[in-house]
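Please look over the chain shown here. The report below takes it site by site.

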Amino acid sequence: FEAVGCYQCHGHVGHGGGAAGPRIARTKLPFNAFLQQLRRPRSQMPPYEASVLPDQTAADIYAYVKSLPAPVDMNKVKLPH
């Protein structure tokens, strides 16, 4: 995730970077759809061909983003009085 630069758009914990990249922490995409997005993105994301990002590395990144904590629900944050 860090080595191939995913963090540059998706943030260090996959919570997205505003217009730069969507939140991918805890993705609900199945692996095949995730891999398809890496290989042939439907967005401004650059494609990551297998010669640059092998399937096993993509699977490791997928496991990593699935394991990231979900973003905090700001509606449930208690503010001090």
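## H10 and its polar contact

In this predicted model, the side chain of H10 reaches the backbone oxygen of P22 at 2.8 Å. H10 lies in helix α1, which covers residues 7-10.

Is H10 buried or exposed? H10 counts as buried because its relative accessibility is 11%, and the cut-off for buried is under 20%. Leaving out residues up to four places away in sequence, H10 touches F1, H15, G16, G21, P22, I24 and M45. P22 thus appears twice: as a residue touched by H10 and as the owner of the backbone oxygen that the H10 side chain reaches.

## The nonpolar core

The largest nonpolar core has 14 residues. Those with the most contacts inside it are F1, F34, L38, L53, A58, I61 and V65. Helices α2 (31-39) and α3 each supply at least two residues of this core. Which element gives the largest share? That is α3, with 4 residues. In soluble globular proteins, nonpolar side chains tend to be buried together.

F1 links two parts of this report: F1 is among the core residues with the most contacts, and F1 is also touched by H10. L53 is another of the well-connected core residues. Neighbours within four places in sequence aside, L53 is in contact with V4, L38, R39, Y48, A58 and I61. Among these partners, L38, A58 and I61 are themselves listed with the most contacts inside the core.

## Helix α2

Which residues of α2 are buried? They are F34, L35, Q37, L38 and R39. These buried residues pack against α3. F34 and L38 also belong to the core residues with the most contacts. R39 and L38 are both contacted by L53.

A33 is found in α2 as well. A33 counts as partly exposed, because its relative accessibility is 30%; the partly exposed range lies between the buried limit of 20% and the exposed limit of 50%. A33 and K66 are 33 residues apart in sequence. In space, their C-alpha atoms are 14 Å apart.

## A nonpolar patch on the surface

Which residues make the nonpolar surface patch? V72, M74, V77 and L79 do, and the patch measures about 440 Å².

M74 sits in the segment after α3 (55-67). M74 counts as exposed because its relative accessibility is 62%, and exposed means over 50%.

Definitions and conventions:
Residues numbered from 1 in each chain as written. Predicted model: local features only at pLDDT ≥ 70, side-chain atom pairs only at ≥ 80, totals over all residues. Heavy atoms only, no water. Patch = residues over 30% accessible without salt bridge, like charges linked within 9 Å, V, L, I, M, F, W, Y side chains within 5 Å. Areas by Shrake-Rupley, 256 points an atom, 1.4 Å probe, with all protein chains shown as cover. Salt bridge = Lys/Arg side-chain N within 4 Å of Asp/Glu carboxyl O. Buried < 20%, exposed > 50% of the residue type's maximum accessible area, 1.4 Å probe, protein only. Polar contact = N/O pair within 3.5 Å; in protein donor to acceptor, adjacent residues only side chain to side chain. Contact = heavy atoms within 4.5 Å. Core = buried A, V, L, I, M, F, W, Y, C linked by side-chain atoms within 4.5 Å.
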